[in-house]
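Work through the exercises below with the model open. Try each task before reading its solution.

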Amino acid sequence: MTKPVVLIAEELSPATVEALGPDFDIRHVDGTDRAALLAALPGAHAVLVRSATQVDAEAISAGSTLKIIARAGVGLDNVDVPAATAAGVMVVNAPTSNIISAAELTMAHILSSARNLASGNAALKGGQWKRSAYTGVELYEKTLGIIGLGRIGALVAQRAQGFGMKLVAYDPYISDARAAQMGVTLMSLDELLAESDFITVHMPKTPETIGLLGAEAFAKVKPSVRIVNVARGGIVDEEALADAIRSGRVAGAGIDVFATEPTTSSPLFDLDAVSVTPHLGASTHEAQEKAGVAVARSVRLALSGELVPDAVNVAGGQIDADVRPGIPLVERLGRVVTALADSSITALDVEVHGEISEKDVSVFKLAALKGLFKDVVSEQVSYVNAPVLAEQRGVDVRLLQDAHADGFRNVITLRASTASGGRISVSGTLTGPKQVQKLVEVNGFELEIPLTDFLLVFLYEDRPGVIGQLGQSLGRSNVNIAGMQVSRTDEGGLALSVLAVDSPVPAEVVAAVAGAIDATDASSVVLTED
């Protein structure tokens with residue numbers, strides 16, 4: 001059996017390869033060599049990168065078999081997430097892998113700026129003893145302004161408390177109560193700029209935050225303030241900061257990230273009051289190992305067909321252990337709906353009945369949509385792009401939950417409306433210690449039959465001899481029946497037969513059998529994987 005191909009495009013820790021295990025064909029390429037990257041992507045099922053490899057729309061198109069893009073780090077500036085989503089490719093990163101390293105580097109830059117470490121080091125190594133020129137300031141009782149009180153900002157606050165600093169923050173998404181628990185006072189950005197002796201940035205790079213600290217902001221600060229940025233380049237306007245330092249509006253800065261990277265040219269590089277590092281926030285052995293191991297685990301999950309809870313372009317979260325077994329069942333029910341439909345689906349209700357309805361079952365919507373489109377669209381369908389396909393096709397989807405279930409502990413029902421005005425319903429459940437998938441209802445007809453790979457569904461008028469005719473007609477076509485369930489509204493009314501067969505049945509055979517029993521409707525359902 002051919003192993004899935006995992007392409008590693010940048011140097012990752014040995015623990016990353018170890019975490020992937022022996023189940024994959026691991027290949028390596030220099031992701032910064034564009035031609036080599038594009039040549040290596042065809043046939044790859046996963047690609048692992050850090051920050052140097054650009055996984056844009058062109059690369060994603062070249063990797064037509066990709067199921068997951070894994071960034072061994074926090075940011076995703078180098079991954080085209082919308083293009084990946086449209087292609088059904090999962091994108092994951094390691095959002096907590098470097099938070100301690102980034103917080104510690106922040107403190108290093110704060111201390112370096114406060115005590116002029118970089119310029120003192122350069123002077124002494126250059127043969128100059130300039131002790132009096134590099135008088136610094138203490139952190140004790142100084143005000144640290146934290147812009148962005150997320151995971152890294154909170155760790156910085158915790159560490160700054162150890163130096164006896166007063167902590168203030170600007171973050172519109174944090175409550176006063178939460179900030180107070182951390183010993184931080186929330187205030188507006190303008191208030192923070194006016195009060196802070198040190199300002200550190202811990203916000204994502206977005207259109208709203210680009211240039212957040214620029215000329216206008218620097219006009220509002222104390223002239224003794226020092227600016228630190230280990231978050232994302234571009235949030236601090238480098239030219240404006242250089243001007244502010246030259247003019248005495250800002251005392252100094254510690255900068256780890258730049259608007260353009262890699263770079264060896266910035267207006268900040270000529271200033272003794274600025275210490276700079278080449279984007280070292282995640283550059284510790286510990287952070288690299290954590291990032292690699294985290295995304296390796298995500299790759300294993302994704303390539304085994306499971307939903308990765310922390311994928312950035314998949315709705316949902318951690319999946320309850322009781323919910324997880326129902327995911328493949330719901331996906332198969334979605335495929336049954338498609339097989340029974342006489343025209344395109346316009347609306348879909350996913351009904352969850354029973355004890356399981358009290359848990360978070362939002363993943364069932366994704367699974368139902370994935371099944372619904374799997375056999376009718378040409379592109380790869382995944383948990384990632386299934387909602388996009390539904391939106392593009394105008395399919396309205398609802399999730400309904402009800403603690404009551406008839407006949408079974410839990411039942412999941414999909415009800416669909418079609419463009420021709422038709423209505424379809426199918427229900428399934430899991431039974432026994434082995435959690436066997438069962439089909440328990442089709443269009444109002446109750447039954448109980450294993451949800452096998454090949455099913456035939458016939459609707460006809462109930463009368464004697466039909467079951468025999470079904471067996472004879474299929475037998476003549478060398479189709480073996482593995483199981484069968486018949487359900488009817490009443491004697492002499494409509495009857496529905498669902499047959500589990502051992503192999504796919506050609507359309508002409510289905511049509512011939514339907515003609516032999518005067519069926520008003522006949523469908524073949526194939527649930528095998530590609």
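## Exercise 1: Charged pairs across the chain

Arg415 and Glu351 form a salt bridge, with their closest N and O atoms 2.7 Å apart. This is a predicted model.

**Task.** Place Arg415 and Glu351 in their strands, then decide how accessible Arg415 is and how accessible Glu351 is.

**Solution.**
- Step 1. Arg415 sits in strand β15 (residues 410–418) and Glu351 in strand β13 (residues 345–354). The two are 64 residues apart, so the pair links distant parts of the chain.
- Step 2. Arg415 has 31% relative accessibility and counts as partly exposed.
- Step 3. Glu351 has a relative accessible area of 11%; the cut-off for buried is under 20%. Glu351 is therefore buried.

**Task.** Which parts of the chain does the salt bridge between Arg232 and Asp77 tie together?

**Solution.**
- Step 1. The closest N and O atoms of Arg232 and Asp77 are 3.4 Å apart. The cut-off is within 4 Å, so the pair counts.
- Step 2. Arg232 lies in the loop between β10 (226–229) and α11 (238–246). Asp77 lies in the loop between β4 (68–71) and α4 (81–86). The pair therefore ties together parts that are 155 residues apart in sequence.
- Step 3. Arg232 is buried at 16% relative accessibility, whereas Asp77 is exposed at 57%.

**Task.** Classify both partners of the Asp25 and Arg27 salt bridge by accessibility.

**Solution.**
- Step 1. Their side chains meet at 2.9 Å, N to O.
- Step 2. Asp25 has a relative accessible area of 28% and is partly exposed.
- Step 3. Arg27, at 39%, is also partly exposed.

The model has 20 salt bridges by this rule.

## Exercise 2: A helix checked by length

**Task.** Does the span of helix α5 agree or disagree with its residue count?

**Solution.**
- Step 1. Helix α5 covers residues 99–115, which is 17 residues.
- Step 2. At 1.5 Å a residue, the expected span is 24 Å.
- Step 3. The end C-alpha atoms are 24 Å apart, so the span agrees.
- Step 4. Now look at cover. Twelve of the 17 residues of α5 are buried. Among them are Ile99, Leu105, Met107, His109 and Ile110.
- Step 5. Asn116 follows α5 and has a positive phi, near 55 degrees.

## Exercise 3: A glycine with no exposed area

**Task.** Which residues does Gly145 touch, leaving out those up to four places away in sequence?

**Solution.**
- Step 1. Find Gly145 in strand β6 (residues 143–147).
- Step 2. Its relative accessible area is 0%, so Gly145 is buried.
- Step 3. Gly145 touches Val168, Leu192, Ser196, Phe198, Ile199 and Thr200.
- Step 4. For scale, Ser304 is 45 Å from Gly145, C-alpha to C-alpha, and 159 residues away in sequence.

## Exercise 4: Reading a sheet

**Task.** What is the strand order of the open sheet of four strands, and which are its edge strands?

**Solution.**
- Step 1. The order is β20-β21-β19-β22, with antiparallel pairing.
- Step 2. Strands β20 (481–488) and β22 (521–526) each pair on one side only, and they are the edges.
- Step 3. The twist averages 15 degrees from one strand to the next.
- Step 4. Seven bridges join β19 (residues 454–461) to β21 (residues 494–501). Tyr460 has Ala495 in β21 as its bridge partner.
- Step 5. Helix α13 (residues 326–340) packs on the sheet and touches β19 and β22. Its direction makes about 145 degrees with that of β22.
- Step 6. Helix α16 (residues 466–476) lies across β19, β20 and β21, at about 150 degrees to β20.

Note on methods:
Residues are numbered from 1 along each chain as its sequence is written. This is a predicted model: local features need pLDDT of at least 70, side-chain atom pairs count only at pLDDT 80 or more; totals for chains, interfaces and linings use all residues. Side-chain values use heavy atoms; hydrogens and water are left out. The expected span of a helix is 1.5 Å times one less than its number of residues. Buried means under 20% relative accessible area, exposed over 50%, partly exposed in between (1.4 Å probe, protein chains only). Contact means heavy atoms within 4.5 Å. Two strands pair if DSSP finds at least two bridges between them. Axes are lines fitted to C-alpha atoms, for helices over the stretch in contact, and angles run from 0 to 180 degrees between N-to-C directions.
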